[in-house]
Amino acid sequence: MTASRFHSEKLAPLPAGKWSLPKPSLSLQIDKPGPDFYDLVGRRILWMGKLDAGMEEVWIHPYMALRDFEAGIKLKTEDSIRWLRNIRPAVTVSPEFLVREYPVGEGRLKEIYAVSYDKATGVAHYEIEAAEVDFLVVRYASNLRYMWPYSQLATGSMRYGFDKALNAHRISGQEGELNTLVHYSSQPIRETATINPEKQQVAFELSLPLAASRPVNISLLGGEDSPEQLVQQLRRQQVGFDRIFEQSNQYYKKLLDQYVRFETPDSVFNQGYAWALARTDQFVQTTPGIGTALMAGFGTTARGWNGRHRISGRPGYAWYFGRDAQWSAMAINAYGDFATVREQLQTFIRFQDLNGKIYHELTSSGVAHYDASDATPLFITLAAHYLKYSGDTVYIRQIWPSLLKALKFCEETDTDKDGLIENTNVGHGWIEGGPLFGTHTEFYLAGCWSATLEAMAYMSAALGKEANSYQVKAAAVKKTIDRDFWNAEKGYFYNGKYKDGSYMDQSTGFATVPMYLNAVTDRQKSKTVMKKITGSGFSTDWGIRMLEENNPRYKPGSYHAGMVWPLYNGWGSLGAYANGMYKAGFQYIMNSLQVYKSWAPGSIEETLNGEIYKPNGVCSHQCWSETMVVQPAIEGMLGFEPDAVSNSIKLAPVFPWNWEWATIANLRMGASTLGFKMRRANGQTIFSFQTNSSLLLKFSPVFPLGTKIASVQWMGKQIPFVIRQEEDGLKVVLDLPVEAPNPELVIHTSGGMGALPVLTAAVVNQPSTGLKILEETVDASRHRLLVEGRPGREYTVDLYSTAQVVSIKNASLVKRKANLITLRVKMPASGNAYSREEILINY
């Protein structure tokens, strides 16, 4: 490391002004913050730290631009520095900025962090309303750590120094390829630089004048531009540092307004969904030389594996992953951002191996790993998913050679010719290690393969190519899944097939994946498995474990043998909705959604412990944890399934029975948009639609069990309908040709009864205690519930019913308000972890 003198052309500093922040797109107020994670994210910058003070790391991929940033104040009445980490602030978190307000004497100090939406730029802003402050003190460090798998040596020799002409510190590495510039809005009173050879970093400390009339901006710029180009960026951007928050604020407001939007009576759901959508979008990251694609998870280098390097270059999972992006991009299709999914597909193709295989990991430093068996089939599945939503046959035709290469690779992995693609000598599927690892073909992978073949059939037909052969192969895979993977004695699907033809006899929580992918043809088997998963052995108050807690292989802190993943909750929700188990589907959405208020504000953790409610992963902000709130809400609860090629939409909304209204906006299929308002009152359920084009709507709204459908009117005229009974409700199946922009559907009903989803608020650092509804049946005037909970514990159960209660067995009536009934049930004593009770209500 070399201290350098710089000879730049003079740039006069622009004094910082007071910031008048707009109303944030979303916000959370934390009055007593702890050391929980936060991040601020732009397309080119990732700014992370702990909520109560400072910033820990800023990454401008592919390197860490800055670290260990903190501030303090020198009071006129004190000799020492009062570091802000020792003062408890009130904190406001939003997607576009973070605000800390510190009490100082009779006034307050405001610290605001904001990053650019599209540039590698961030600003720390300070303003004071206290006369006691003498000056501001700031210290930070930089090691220009280049992204894993390269070691800390890849940064090379660093040059650093204070450029008086720019009023900025400059740090450069890799012979000028990596550059960080920290600019100040006023001249430092003093500044020092200290080298730390052990940490391979240089640390800076400086004092800046701060007064009520003189706020401070500390602005960070970086990138792989040359040092001279970065200086030119400073000259262009300096005038906008005081307004850096405006573009991001406008961006997030537009994002939440233009894509699928929910307005419902449940404010927790509304806000949680909006946060999940905003947080999902933040994973769309651009790295020079790679492109724009989804990263997997955000966290600092302090957590997780260090890559066997003395100084870690692994910021959580903040690089590009194959399967993570494929599953996550399905949610992005669902909310309507087709352009981003197309860019993601293009990145897969840009780094597709010569043999057709798709990467599992692609670091921002440009190194690809091809060690997964599922990324390649899921690439094909995502392409078809994109086509169904977008109708973009031109693009699919353009990338057809890449899809055929990927298909050929998959087919060649079937070395034993059993019709299934393989993990052996190809790579891990979902399971990367632990007691469930080691099968020749995972059940999960077999389901992915079935979906891939159906994807090829769909795309082939759309392009006018031969498609039947793919359908025949998909049907054969489904038959194998249905016949060979089923454990008839125990009632679940084996976790995988061994090379010798035997099967791993384990029931897992992610058996729901092939259900969502339509790879299980026997719905009764699906329902049997789904009912098992909804029980307390698998399901906690915060979601689905990988293994049941009574399984000898279960370990609550094990990545692949016991943790709860919000990802599993999403898969479970999609599987539940596919099987007509609507209470569980909504419950799993809310299990994940509640996490955004528990730790990192507005974000959903990568994984949670299987035994007590606490984080157990590497990243506090994980892409597919966010998308698995969004996708089940749209494709599950709304039953949204577009087919842009045939200009038709399937829509099967099923809302909790106590929602008397809901408004859904911006469902997208190609250039078409569809929205609707639902209202329930006086024996009528009214759906008022808004659309910008003609289409065929295959509409199947769901009603409580026992509901009588008297008539259905479409545009004022009675139309025929079909009723299909599902596990938790009745579907009214309709084909509606949509020609007018604002058509209306009126369904006249009477009766109906059903339990509401049981939503137990998980308690941090406490075990799961909530009630589970295992079975629900309605027979004439009798309503039966089989529930499961902790022995001796009392619970409440909420029901919807239009009828009068005659008698209740094994529960008591707490209250009734209109059509909503609350019961209290006490679980029987038992020596087991859980006990069951049958509740009978006669009307």
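The crossing of helices α5 and α6 is left-handed. This is a predicted model, so please hear everything that follows as read from a prediction. Helix α5 covers residues 338-350 and helix α6 covers residues 375-390; they pack at an angle of about 155°, and their axes are 11 Å apart. That angle makes α5 roughly antiparallel to α6. On the α5 side the contact is made by F338, V341, R342, L345, F348 and I349. On the α6 side the residues are F379, L382, A383, Y386, Y389 and S390.

There is a second helix pair to look at, α3 with α14. Helix α14 is residues 582-593, and its axis comes within 10 Å of that of α3, with a crossing at roughly 65°. This crossing, of α3 and α14, is left-handed. From α3 the contact uses V268, F269, G272 and Y273, and from α14 it uses F586, I589, M590 and L593.

Now the nonpolar cores. In soluble globular proteins, nonpolar side chains tend to be buried together. In this model the largest nonpolar core has 241 residues. Which residues have the most contacts inside it? They are Y126, F269, W327, I396, W430 and M459. Helix α9, residues 443-462, gives the largest share of this core, 13 residues. You have met F269 already, on the α3 side of the contact with α14.

Take I396 as an example from that list. Leaving aside residues up to four places away in sequence, I396 touches A383, Y386, L387, L403, M459 and L463. Of these, A383 and Y386 also belong to the α6 side of the contact with α5, and M459 is itself on the list of residues with the most contacts in the core. Apart from the largest core lies another, of 18 residues, including Y795, I821, V825 and M827.

Next, the charged pairs. A search of the whole structure finds 40 salt bridges. I will go through three of them.

The first on my list is R279 with D39, where the closest N and O atoms are 3.8 Å apart. R279 is in helix α3, residues 267-281, and D39 is in strand β3, residues 37-41, so this pair ties together parts that are 240 residues apart in sequence. Are the two residues buried or exposed? Both R279 and D39 are buried.

Then there is R43 with D281, with the closest N and O atoms 3.2 Å apart. R43 sits in the loop between β3 and β4, and D281 sits in helix α3, so the pair ties together parts that are 238 residues apart in sequence. R43 has 12% relative accessibility and therefore counts as buried. D281 is buried too, with a relative accessible area of 0%.

The last of my three joins the side chains of E432 and R323, at 2.8 Å from N to O. E432 is in the loop between α8 and β25, R323 is in helix α4, residues 322-335, and the two are 109 residues apart. E432 is partly exposed, at 38% relative accessible area, whereas R323 is buried, at 1%. Elsewhere, E70, R85, R139, R190 and E205 are joined into one network by salt bridges that share partners.

Finally, a few points on the backbone. Which residues does a cis peptide bond join, with omega about 20°? Those are H61 and P62. P62 lies in the loop between β5 and β6. Another cis peptide bond, with omega about 10°, joins W148 and P149. P149 is in the loop between β12 and β13.

Two residues that are not glycine have a positive phi, and I will take them in turn. N682 has a phi of about 55° although it is not a glycine. It is placed in the loop between β36, residues 672-681, and β37, residues 684-691. N682 is exposed, with a relative accessible area of 82%.

A818 has a phi near 55°, again a positive value in a residue other than glycine. Its place is the loop between β49, residues 812-817, and β50, residues 820-826. A818 is exposed, with a relative accessible area of 64%. I821 and V825, which belong to the core of 18 residues, fall within the residue range of that β50 strand.

How values were computed:
Residues numbered from 1 in each chain as written. Predicted model: local features only at pLDDT ≥ 70, side-chain atom pairs only at ≥ 80, totals over all residues. Heavy atoms only, no water. Core = buried A, V, L, I, M, F, W, Y, C linked by side-chain atoms within 4.5 Å. Buried < 20%, exposed > 50% of the residue type's maximum accessible area, 1.4 Å probe, protein only. Helix = DSSP H or I, 4+ residues; strand = E, 2+ residues; numbered from the N terminus. Contact = heavy atoms within 4.5 Å. Salt bridge = Lys/Arg side-chain N within 4 Å of Asp/Glu carboxyl O. Axes fitted to C-alpha atoms, helices over the stretch in contact; angles between N-to-C directions. Parallel < 35°, antiparallel > 145°, perpendicular 65-115°, else oblique. Left-handed = near helix turned anticlockwise from the far one by under 90°.
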